[in-house]
Amino acid sequence: MNDVWFRELGFHTNPFSIKPAVFHDHVIGFDKVVDEISYGILNNKVVLVEGDYGQGKSSILKKLLNDFGGKKQVIYYSCNRMDSRLNVKSLLNGRYGFVGQLFDIKPKEMILLLDEAQELNSKDYERLYSYYQEGYIKSIVLVGKGIKKGELVPGFKAHTEEVGMAKMNEDLALQVVKKRIGDLSLLPDMIIRKIYQRSDNNVRLMLKTCEEVCKKSVESGRKRVTEEFLKQFFHDKETPAPKVEIEKPKAPEVKKEEVKVEEKKIAKTVIIDHRKEKKEEKVAEKVQEEKPKDKKEDVKVEEKKPKGHVYRPDEYKSMNKGSAEELLNKQTDEIFGDEQYY
Amino acid sequence: MEWYEELDFDENPLQRETRCVGNEEILKEAYYSIMSGNILVIEGENGSGKTKILKEVIKKFGGYGRIAYVNAKELQKELNIEEILAKKNGILGWLFKKYPKNMILLLDDVEHISSRNLERIKYFFDSNHLRSVIITTKSYEKLHLSESIKQRIRKTIQLHSLSEFEAVQVFRDKLGEHILSDRVIKTAYQLSGKNTQKFLNNCEHVCKAYVANKNLTEDDVRKLLERGTR
């Protein structure tokens, strides 16, 4: 089955996968939060991180795993898997495998990362606190939406540090998408911004919408998403009437030029014709804005070797070791098992 | 002599597996959902072909040991996703809690998922143990999904019952072109309340009558089926 849209664009897997942290080496937009948490961990604190759905809580945790992992010192556990109560003892014993379970050997100075911490109640906190005091656990990071702070043990509170997560702004959201797909000519920056505005500042929702938009546009055989198409898309979405396939004719070339003039406000784009595909080139200088046609001739000569759809400006080169595709092929789960020790 | 032997069939043709008629769009959607790694919910009434779609999915993606199919109705005890996944790697996997990667979970005919299982699905989905999940249910509202799982669901689609024309197609696929007229089949379908499963059951009665009387009319079918339902 090679006729799926992302295969046609040259991606092996779905680039807009909503699973957290496809790229675990870098979390866009939360450098400060990660720094704060890391600081808290190094100072043996209990760090509370709160954020809304789909904002990147789990992604941050996975980034932390990546940072602190390696010395079998970190325990990652998602609290929604526990049966009724958090079993800290078996978590700690698990460090030494089967033997540890048998002889009840516990490691010291562990870092505990707890995802979905809203499931914990006061009993769990009490137990955690006792292990914390005995020095088995060096530091705890609690992540979740609506953690019951009232149930925290008073002893804990002295060591607690709270970190909030701000909503992403448009530029960062744009970066997130760019990092996944590179500089795809199908999705201009303008459109990505539009999509983000319409998804309640929720990154996961944005990715989902991006996927739908890409799928639809590739299936209808267009090379580029226009604003009209997006409008039509959202219109269809809000009124899920009996499904009628709207086969819009491809917008003529002249029309696209017009649309682009509007887009200039944010990203200066110049179309170049390369193997009958429209390539997009970001031009940094604002001066060129007036005469895009002249520029067109210039770039045509310079640009001769872009391969495939992925065009990478220098900024992305430094971020990734390989292309977006390679990174996507690297499965996250090669590194994350269930409760693993880093 | 069985009725189908009279019609030159060796086995009961109504139980024969045939292609999926009428829901090609939804089938495509299901394939896509698995390819791209998403959660899909299929909503449909009894006998509208929910299980059929999952069967088609198994046909397409099966054979690599990647599919876990669970029929919630046939389960004796409560559903436990964790156990299902762990047992995939045999008894050793279950003992050492080794979970397989990239599984496709098909949950058939779910009426109610406990919040614990939902959270488990969420966790396994996020950690890529589950590549894709397809849930079929009678009513999406009654599942009472939590907000965080709702956001992960890519789409919910509704299955519609077949049109009369499609019902005839289903019948022709199974029994061939020469048995019964289209109008008779359509009447039978109408009388089964547009329920495909019921329709196939009724077809058996109709076929038996057909063996006895080759010139079966619509009125005969009507009489026959109305008597049968009473």
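Among contacts in chain B between residues at least 6 apart in sequence, what percentage join residues at least 24 apart? The figure is 73%, and the views below take a closer look at this predicted model.

**View 1. The two chains at a glance.**
Let's start with the overall make-up. Chain A contains 15 helices and 7 strands, while chain B contains 11 helices and 5 strands. Of the 342 residues in chain A, 34% are buried; for the 230 residues of chain B, the share is 36%. In chain A, 79% of the contacts with a separation of 6 or more come from residues 24 or more positions apart.

**View 2. The largest nonpolar core, with 63 residues.**
Look here for Val47(A), Val49(A), Leu113(A), Leu114(A), Ile140(A), Val141(A) and Leu142(A), the residues that touch the most other members of the core. Helix H10 of chain A, residues 203-219, gives the most to this core, contributing 6 residues. Where does the core lie with respect to domain 1 and domain 2 of chain A? Domain 1 (5-21 + 169-329) and domain 2 (31-164) both give residues to it, so the core lies between them.

**View 3. Around Ile140(A).**
This view stays with one of the core residues just named, Ile140(A). Leaving out residues up to four places away in sequence, Ile140(A) touches Val46(A), Leu112(A), Leu114(A), Leu128(A) and Tyr132(A). Another core, of 29 residues, lies apart from the largest one. Tyr32(B), Ile34(B), Ile42(B) and Ile134(B) are among the residues of that other core.

**View 4. Helices H8 and H9 of chain A packed together.**
Two packed helices are described by the angle between their axes and the distance between the axes. For H8(A) (residues 170-181) and H9(A) (residues 189-197), the angle is about 115 degrees and the axes are 9 Å apart. Their crossing is right-handed. On the H8(A) side, the residues to find are Glu170(A), Ala173(A), Leu174(A) and Val177(A). They meet Asp189(A), Ile192(A), Arg193(A) and Tyr196(A) of H9(A). By class, the residues of this contact are 5 nonpolar, no polar and 3 charged.

**View 5. Asp189(A) in helix H9 of chain A.**
Now zoom in on one charged participant in that helix contact. Is Asp189(A) buried or exposed? Asp189(A) is buried, because 20 other C-beta atoms lie within 10 Å, and 20 or more is the cut-off for a buried residue. Along the chain, Asp189(A) and Val177(A) are 12 residues apart, and their C-alpha atoms are separated by 9.4 Å.

**View 6. Where chain A touches chain B.**
Here 23 residues of chain A are in contact with 22 residues of chain B. Which element gives the most to the chain A side? H10(A) does, with 4 residues. The chain A side is made up of 8 nonpolar, 8 polar and 7 charged residues.

**View 7. Two loop residues with positive phi, Glu109(A) and Asn128(B).**
Most residues other than glycine have a negative phi. Glu109(A), however, has a positive phi near 55 degrees. Glu109(A) sits in the loop between helix H5 (97-103) and strand E3 (110-115) of chain A. Phi of Asn128(B) is also positive, near 70 degrees, and Asn128(B) belongs to the loop between helix H6 (115-126) and strand E4 (130-137) of chain B. Their surroundings make a nice contrast: Glu109(A) counts as exposed because it has 11 C-beta neighbours inside 10 Å, whereas Asn128(B) counts as buried because it has 20.

**View 8. Helix H9 of chain B and what follows.**
This helix spans residues 182-191, and its buried residues are Val184(B), Ile185(B), Thr187(B), Ala188(B), Tyr189(B) and Leu191(B). After H9(B) comes Gly193(B), with a positive phi near 65 degrees.

**View 9. Gln15(B) and Leu200(B), 185 residues apart in sequence.**
Gln15(B) is placed in the loop between helix H1 (3-6) and helix H2 (24-36) of chain B. Gln15(B) counts as exposed because it has 10 C-beta neighbours inside 10 Å. How many Å separate the C-alpha atoms of Gln15(B) and Leu200(B) in space? The separation is 8.7 Å.

Technical notes: Residues are numbered from 1 along each chain as its sequence is written. Chains are lettered from A and ligands numbered from 1 in the order in which they are written. This is a predicted model: local features need pLDDT of at least 70, side-chain atom pairs count only at pLDDT 80 or more; totals for chains, interfaces and linings use all residues. A nonpolar core is a set of buried Ala, Val, Leu, Ile, Met, Phe, Trp, Tyr and Cys residues joined through C-beta atoms within 7 Å. A residue is buried if 20 or more other C-beta atoms lie within 10 Å of its own, exposed if 12 or fewer, and partly exposed in between; C-beta atoms are placed from the backbone. Helices (H or I, at least four residues) and strands (E, at least two) are DSSP runs, numbered from the N terminus. Domain bounds come from an automatic or database domain assignment. Two residues are in contact if their C-beta atoms, placed from the backbone, lie within 7 Å. Axes are lines fitted to C-alpha atoms, for helices over the stretch in contact, and angles run from 0 to 180 degrees between N-to-C directions. A crossing is left-handed if the near helix is turned anticlockwise from the far one by less than a right angle, and right-handed if clockwise.
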